[in-house]
Every structure is written in C-alpha cells, then in structure tokens.
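Hi everyone, thanks for coming. Today I'd like to walk you through one structure, from its empty spaces to its packed interior. Have a look at it first, and then we'll start.

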Amino acid sequence: MHQENKSRLGMLAGIAAGALWGLVFLAPALIPAFQPLELSVGRYLAYGLIAAVLVAPSWRRLLRTLSWREWRGLIWLSLTGNIAYYVLLASAVQMGGVAMTSMVIGLLPLVVTLVASRDRHAVPLRRLLPSLLLSIAGLLCISWQSLASPRHASLPGLLCALAALLSWTVYAVGNSRWLGQLRSVSAHEWNLLTGVVTGAAALLLAIPVALAAPAAHGGTAWLQFAAVVTGVALLCSVVGNGLWNHASRVLPLTLMGQMIVFEFLFALLYGYLWEQRWPTLAEAAATMLLLAGVLACAAAHRPPTCAARVSGIS
C-alpha cells in the first residue's frame, strides 16, 4: 500500500509537471520579437540564478558528494534537455505554430517508452507494433497539416520540432537513469544542480547572443522579456522539473514515458486558447491517433499479473 501511495503521488507530480511545462509553448508566441536563442539564454540565466540561490545552503555538501562523472552527466543533461531543446522548441513554435509543435512533442511518450523497453523485462517489439503504427499515422497528419496550411506551412518548423523531440528524449532517459543511481542527492537538489550548470552554459552564450541580436529592443520589450523568461524559469524549470524529478525517482521509466502526454495535452489546450480557435480536422485526427498510440503502448506494458488481479476483483 505504501508503494501504491508513492506511485499515485508520483503520477500526480508528473501530471502537474506536464501542466506547467505546457506553458513553455506559449512563451515564444508571447514575445515574438525575440529570437529563439535569446529566449533560451534568458530563460536559463533566470533558471540558473534562482537555482543557485535555492541550492546555496547545500552547496558544500553536494560538492563533497558528487564526482566529476556526475558533473559530466549534469552538463550533458543541461545541454540536451535545456539549451538545445528550448532553442529547437522556440524555433518550431515561431516557424510552425504552437499546435503543430505541441503535437510533434506529443510523440515523446511513445519514443521514451520504446527506449525504456530495451531495459530488463522489456516487452516484445511485436506487442508495441499497434502503438507504433498509430503514432506514425499521427505524425503523417501533422506533416500534412504543417505543409498544407497556408498559415503554418513550414517544413523547417516541423524539422525543428522533430529535433526537439530527439533532444528531450535523450534528456528524459538519461535523467531518469541518473536519478535511479543517485541516493545521496534528492530529486529537488538534482534539479537545482542542473539549473546551476544550465545557467553557467547560458552565461557563456549571453555575450555572443547579445552581439548577434538582429535588432535593438525598447525598454517595454525588455521588461516583457524579463517577465516571461523569469516566469518560465520559475514555473517550468524550477517547479516543473522538480515535480518531474520526483516522479522519475518513484515511477519506472516505461510509465514516465506515458506521463509526458500531459505536457502535450496542456500545451494543445493553451495553444488553442491563445490562438482562439478550434483544432482543424487534421490536428484533431493527429491528436486522437497519438493518444491512441499512447494507450496502446501503455496496454502493451501492463504486467499480466495486474490484469489478472483486476479481473479477479471485478
């Protein structure tokens, strides 16, 4: 029962993280005058500053605890899950729209689960075939929509979204495995350390990004920029990532793959509200196909003992 309660709390944490992460898709639309790299540097500078303040009381203990191997892991996670991912994501939103980008990222549950299925006790690939076919059909709908719509006709936007999908898959799998190995560092501390390393990387990028900025922004624009990136850093990076790390420590990676769908669902909801429209037929079809793929993937990973226990109770 204790483990069951931990799993429920982990699932609630994963859902809450998805609700916060969905806000990330709106940031590029809120301040379109700023380039994706500017958004990324601003967000992660704010993330690094907030994380540094929060982790300061534990800094000396963590320095004694972590080896160079863990710091290398943090650098890799910071680049794949933060800097590179957000640049690609913001580029996809600005070139292809919120809805298209969020639906491509909606493939994350299946991709992460497929990677996790290579671990011990993996299910046979043939059991995953229905979910693979459904997700491929959903991706075809997204591709058709992004290329056929005159409003959001952008092959580069679609390619950036797919690259963001790959980048975050690498992060999700690596982060989950690190959290499974480390017991002397809490999930919250690991998130704050990731923020500190990400902030340092963003600081290195800040000067060349500022010099390469295509246009000067007015004072009002900079205030809006500061408000958006700080809000995203606090809600999505500090709180959202912390919730996700807690869930990653409690739940198996195959189940964590399914939890990512909530980011996709909330991002779609926010996107349609922002654009003040209903989904098109192709977008609705892609949504249903991707959700069906996730459900099929979850069914393929359900342990037979659980199914038998449910049947017995009913």
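Let's begin with the lining of the largest cavity: by class, it has 6 nonpolar, 3 polar and 2 charged residues. Please keep in mind that this is a predicted model.

How many cavities of 30 Å³ or more does a search of the whole structure find? The search turns up 1. The volume of the largest cavity is about 120 Å³. Who lines this space? The lining is made up of W21, V24, R43, Y44, G81, N82, Y85, W168, Y171, N241 and E263. Two or more of these residues come from each of α3, α5 (68–96) and α9 (155–181), and the largest share, 3 residues, is from α5.

Now pick out W168 on your screen, since that residue of the cavity lining takes us to our next topic. Leaving aside neighbours within four places in sequence, W168 is in contact with W21, T80, G81, Y85, L108, W244 and I260. W168 also belongs to the largest nonpolar core, which has 74 residues. Which members of that core touch the most other members? They are W168, W190, L193 and W244. Helix α11, residues 219–250, gives the most to this core, with 10 residues. Another core lies apart from this one; it has 6 residues, including A92, V104, L158 and C160.

Let's go back to empty space, this time to the second largest pocket. It holds about 180 Å³. Of its 11 lining residues, E38, V41, V209, W222 and F225 are the closest to the centre. The elements giving two or more residues to this lining are α3 (36–55), α10 (187–211) and α11. Helix α3 provides the largest share, 4 residues. By class, the pocket lining has 8 nonpolar, 2 polar and 1 charged residues.

My last stop is helix α13, residues 261–275. How far apart are the C-alpha atoms at its ends? They are 21 Å apart, and this agrees with what we should expect, because 15 residues at 1.5 Å a residue should span 21 Å. The buried residues of α13 are V261, E263, F264, A267, L268, Y270, G271, Y272 and E275. You have met E263 already, in the lining of the largest cavity. Here is a handy rule for reading such a list: an α-helix has 3.6 residues a turn, so residues three or four places apart point the same way. Just after α13 comes Q276, with a positive phi of about 55°.

That's my tour, and I'm happy to take questions!

Terms used. Residues are numbered from 1 along each chain as its sequence is written. This is a predicted model: local features need pLDDT of at least 70, side-chain atom pairs count only at pLDDT 80 or more; totals for chains, interfaces and linings use all residues. Side-chain values use heavy atoms; hydrogens and water are left out. A nonpolar core is a set of buried Ala, Val, Leu, Ile, Met, Phe, Trp, Tyr and Cys residues joined through side-chain atoms within 4.5 Å. Buried means under 20% relative accessible area, exposed over 50%, partly exposed in between (1.4 Å probe, protein chains only). Contact means heavy atoms within 4.5 Å. The expected span of a helix is 1.5 Å times one less than its number of residues. On a 1 Å grid over the protein atoms alone, a cavity is a set of points where a 1.4 Å probe fits but cannot get out, and a pocket is an open set with protein on both sides within 12 Å along at least five of seven lines; lining residues have an atom within 4 Å of a point. Grid points are joined across faces, edges and corners, and a volume is the space filled by probe spheres set on the points. Ala, Val, Leu, Ile, Met, Phe, Trp, Tyr, Cys and Pro count as nonpolar, Asp, Glu, Lys and Arg as charged, and the others, Gly among them, as polar.
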